[in-house]
Amino acid sequence: MSQRLEGLKREDLKEFEPIWQTIEKTMGGFVPNSIFIMSHNIELMNGFGMLSAGVFRGADESRPNPLSAMFASLKNALKRLGKPKPDPISRELRSLIFMAVSMSAGCRYCQAHSALIASNHGASSDKIDDLLNYEESPHFDDAERAAIAIAFAAGEVPNAARADHFTALKAHYSTEQIVDIVAAIAYMGFLNRWNDTFATALEDAPLDFASRNLEKVTWEAGKHVA
């Protein structure tokens with residue numbers, strides 16, 4: 001089945017080239033087709049870009065950020081108010097949360113993307129293979145299990161997150177980190193609905209990675225084949 005709506009072309013959006021280059025560095029060499037579909041609504045794409053920068057805050061300060069001026073102002077405000085710079089969750093944990101939410105929601109496009117991101121951000125093949133078995137797997141610690149548990153629960157419809165999930169989170173994470181975890185869940189929830197609805201065509205890199213590495217979750221591209 002083909003993608004249900006064609007996106008704009010990169011060459012038609014030259015003013016966004018610095019953003020495309022930043023996304024390529026984040027994703028490992030490509031810009032997701034989902035962004036080019038979103039480009040039909042520039043305000044939406046800009047808003048999504050700001051949300052993305054907030055979700056990924058502090059993930060890798062060595063990488064360029066097109067919203068660096070805004071974040072410099074935010075850091076100055078935090079300093080003036082006497083608040084320490086929040087300690088973000090790790091890139092590895094964030095990507096595993098993305099993967100858990102996508103598996104729970106059933107979006108194959110986002111499963112492929114998040115698995116590739118997890119690998120690029122340091123998650124071992126054992127963790128990727130064992131994510132569905134996170135409760136018993138020796139490859140996860142209790143802090144990771146708490147975050148992954150709420151990700152799987154929140155990805156369900158209706159939402160299955162409970163008070164005891166937050167009790168478990170509070171044993172391992174600061175308030176700011178818990179906000180980061182739920183932000184990552186909600187962010188991927190938007191992308192799950194977006195890409196599953198549009199049947200967004202998978203790019204070569206995540207398609208190849210998922211085909212080779214997600215055998216244990218019986219992954220298949222399905223409607224996301226170009």
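Where is the place of I19? Keep that in mind as you work through these exercises on a predicted model.

**Exercise 1. Place I19 and judge its exposure.**

Solution. Start with the secondary structure: I19 sits in helix 1. Next, turn to accessibility. Residues under 20% relative accessible area are buried and those over 50% are exposed, with partly exposed in between. I19 has 29% relative accessibility, so it counts as partly exposed. Finally, look at a partner along the chain: V31 is 12 residues away from I19 in sequence, and their C-alpha atoms are 9.6 Å apart in space.

**Exercise 2. Describe the fold of the chain as a whole.**

Solution. First, take stock of the elements: there are 11 helices and zero strands. Written in order along the sequence, this gives α-α-α-α-α-α-α-α-α-α-α. Next comes burial, where 44% of the 226 residues are buried. Last, consider the contacts with a separation of 6 or more: 68% of them join residues 24 or more positions apart.

**Exercise 3. Work out how helix 5 packs against helix 8.**

Solution. Two packed helices are described by the angle between their axes and the distance between the axes. Here, helix 5 (residues 91-105) and helix 8 (residues 142-154) meet at an angle of about 30°, and their axes are 8 Å apart. Helix 5 is therefore roughly parallel to helix 8, as angles under 35 degrees count that way. The crossing of the two is right-handed.

Now find the residues that make the contact. Helix 5 brings E92, L93, I97, A100, V101, M103 and S104, while helix 8 brings E144, A147, I148, A151 and F152. Sorted by character, these residues are nine nonpolar, one polar and two charged.

**Exercise 4. Find the hubs of the largest nonpolar core and follow one of them.**

Solution. This core has 62 residues, and W20, I97, L131 and I181 touch the most other members. Several helices each supply at least two of its residues, including helix 1 (17-27), helix 3 (42-55), helix 6 (108-120) and helix 10 (175-198). Helix 8 gives the most, with nine residues.

Then follow I97, one of the helix 5 residues in the contact with helix 8. Leaving aside residues up to four places away in sequence, I97 touches I89, A147, A151, I181, A184 and I185.

**Exercise 5. Compare the surroundings of M188 and S34.**

Solution. Take M188 to begin with. M188 belongs to helix 10, and with 6% relative accessibility it counts as buried. Beyond residues up to four places away in sequence, M188 touches F98, V101, S102 and C110. A105 lies 83 residues from M188 in sequence, yet the two C-alpha atoms are 9.7 Å apart.

Move on to S34, which is in helix 2. S34 is buried because its relative accessibility is 4%. With residues up to four places away again set aside, S34 touches Y109, W194, N195 and T200.

**Exercise 6. Which peptide bond is cis, and what is the phi of A199?**

Solution. The cis bond runs from V157 to P158, with omega near 0°. P158 is in the loop between helix 8 and helix 9 (163-170).

For A199, phi is near 50°, a positive value in a residue other than glycine. A199 is in the loop between helix 10 and helix 11. To finish, check its accessibility: A199 has a relative accessible area of 0%, so it is buried.

Technical notes. Residues numbered from 1 in each chain as written. Predicted model: local features only at pLDDT ≥ 70, side-chain atom pairs only at ≥ 80, totals over all residues. Heavy atoms only, no water. Axes fitted to C-alpha atoms, helices over the stretch in contact; angles between N-to-C directions. Helix = DSSP H or I, 4+ residues; strand = E, 2+ residues; numbered from the N terminus. Parallel < 35°, antiparallel > 145°, perpendicular 65-115°, else oblique. Left-handed = near helix turned anticlockwise from the far one by under 90°. Contact = heavy atoms within 4.5 Å. Nonpolar A, V, L, I, M, F, W, Y, C, P; charged D, E, K, R; others polar. Core = buried A, V, L, I, M, F, W, Y, C linked by side-chain atoms within 4.5 Å. Buried < 20%, exposed > 50% of the residue type's maximum accessible area, 1.4 Å probe, protein only.
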